[in-house]
Amino acid sequence: MVVLSVPAEVTVILLDIEGTTTPIAFVKDILFPYVKENVKEYLQTHWEEEECQQDVSLLRKQAEEDAHLEGAVPIPAASGNGVDDAQQMIQAVVDNVCWQMSLDRKTTALKQLQGHMWRAAFTAGRVKAEFFADVVPAVRKWREAGIKVYIYSSGSVEAQKLLFGHSTEGDILELVDGHFDTKIGHKVESESYRKIADSIGCSTNNILFLTDVTLEASAAEEANVHVAVVVRPGNAGLTDDEKTYYSLITSFSELYLPSST
Ligand SMILES: CSCCC(=O)C(=O)COP(=O)(O)O
Ligand SMILES: [Mg+2]
């Protein structure tokens, strides 16, 4: 088995979710279709609720920023014309969400609504999150060795907690010391990793970030974070240069902690 030694200065392991702890297929084939199939009904049911209106406001703000993009779908402000007005707005939100999802956009606005929609599916037991078989045993071992484990995903913190709280391995939320999402910044921006280190109370070089996306690895590395790229079934392929440049692992069990036996 290939072994990658974790630098002695690492005290925190920061994990991506999709493509790292969890198969991309689970997100693409189960979570995303659930949103596309149910978004209209969800909006119709929850439209009058404060949380739903906050989600719509955030999506509208994002739509304004996206106005210059090809195919962008605007979300009109309410004109106060009753039921027809609400139905038009709901349709615009549905179209906007479907457009963003067709591009797999990672905007905070989209991720917030998705998280709220998944809540019902997870808490009713209709969906259970999948984790690769090596994830839970490795995380337990790291924690026993005194390593803190944090999550940094484009999925909202609320959605992350749903996944870890309702998984095929049971409720594994207690294995995580904390969560970060794009509210701290985007994963392809190095400043996000500096802010995460500040928030945890460590230096960036105390962190090892595991991700499937080399753009994220590169941003983290620029901030002096240690990185390893995770190669899982179903992940996007890497170029030969990327394969040579990055430390690669195919399972968390390939990480060797000098402090553990
Ligand atoms: C954590 S919720 C579902 C995943 C999701 O919506 C997503 O965009 C995953 O992105 P990641 O940064 O974990 O690759
Ligand atoms: Mg990922």
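A salt bridge here is a side-chain nitrogen of Lys or Arg within 4 Å of a carboxyl oxygen of Asp or Glu. The views below come from a predicted model.

**View 1. The chain is assigned two domains, and one of them is made of two segments.** Domain 1 takes residues 4-22 and 129-256. Domain 2 takes residues 28-124. Their C-alpha centres lie 28 Å apart. At the contact, domain 1 supplies 14 residues and domain 2 supplies 13 residues.

**View 2. The interface of domain 1 and domain 2 buries about 1,200 Å².** Carbon and sulfur atoms give 60% of that area. In domain 1, the residues that lose the most area to domain 2 are Glu18, Glu158 and Leu162. Together these three account for 38% of what the domain 1 side buries.

**View 3. Three salt bridges are counted between domain 1 and domain 2.** Four residue pairs are also found in polar contact across this interface. The side of domain 1 that touches domain 2 has four nonpolar, six polar and four charged residues.

**View 4. Glu158 and Arg119 meet through their side chains in a salt bridge.** The N to O distance is 2.8 Å. Glu158 falls in the 129-256 segment of domain 1, and Arg119 falls in domain 2 (28-124). Glu158 is also among the three domain 1 residues that lose the most area to domain 2.

**View 5. Lys106 and Glu18 form a salt bridge between distant parts of the chain.** Their side chains meet at 3.2 Å, N to O. Lys106 sits in the loop between helix H3 (82-102) and helix H4 (108-123). Glu18 sits in the loop between E2 and helix H1 (24-46). The two residues are 88 residues apart. Glu18, too, is one of the three domain 1 residues that lose the most area to domain 2. Over the whole structure, the search finds twelve salt bridges.

**View 6. Six strands make an open, parallel sheet.** The strand order is E4-E3-E2-E5-E6-E7. Strand E4 (178-180) lies at one edge and strand E7 (248-249) at the other. Each edge strand pairs on one side only.

**View 7. Strands E2 and E5 pair in the parallel sense.** Strand E2 covers residues 12-15, and strand E5 covers residues 207-211. Four bridges join them. Leu14 stands opposite Phe209 in E5. In the sheet order, E2 has E3 on one side and E5 on the other.

Methods:
Residues are numbered from 1 along each chain as its sequence is written. Chains are lettered from A and ligands numbered from 1 in the order in which they are written. This is a predicted model: local features need pLDDT of at least 70, side-chain atom pairs count only at pLDDT 80 or more; totals for chains, interfaces and linings use all residues. Side-chain values use heavy atoms; hydrogens and water are left out. Domain bounds come from an automatic or database domain assignment. Contact means heavy atoms within 4.5 Å. Buried area is the accessible area (1.4 Å probe) that two parts lose on being put together, summed over both. A polar contact is a pair of N or O atoms within 3.5 Å; within protein, one must be able to donate a hydrogen and the other to accept it, and residues adjacent in sequence count only if both atoms are side-chain atoms. Ala, Val, Leu, Ile, Met, Phe, Trp, Tyr, Cys and Pro count as nonpolar, Asp, Glu, Lys and Arg as charged, and the others, Gly among them, as polar. Two strands pair if DSSP finds at least two bridges between them.
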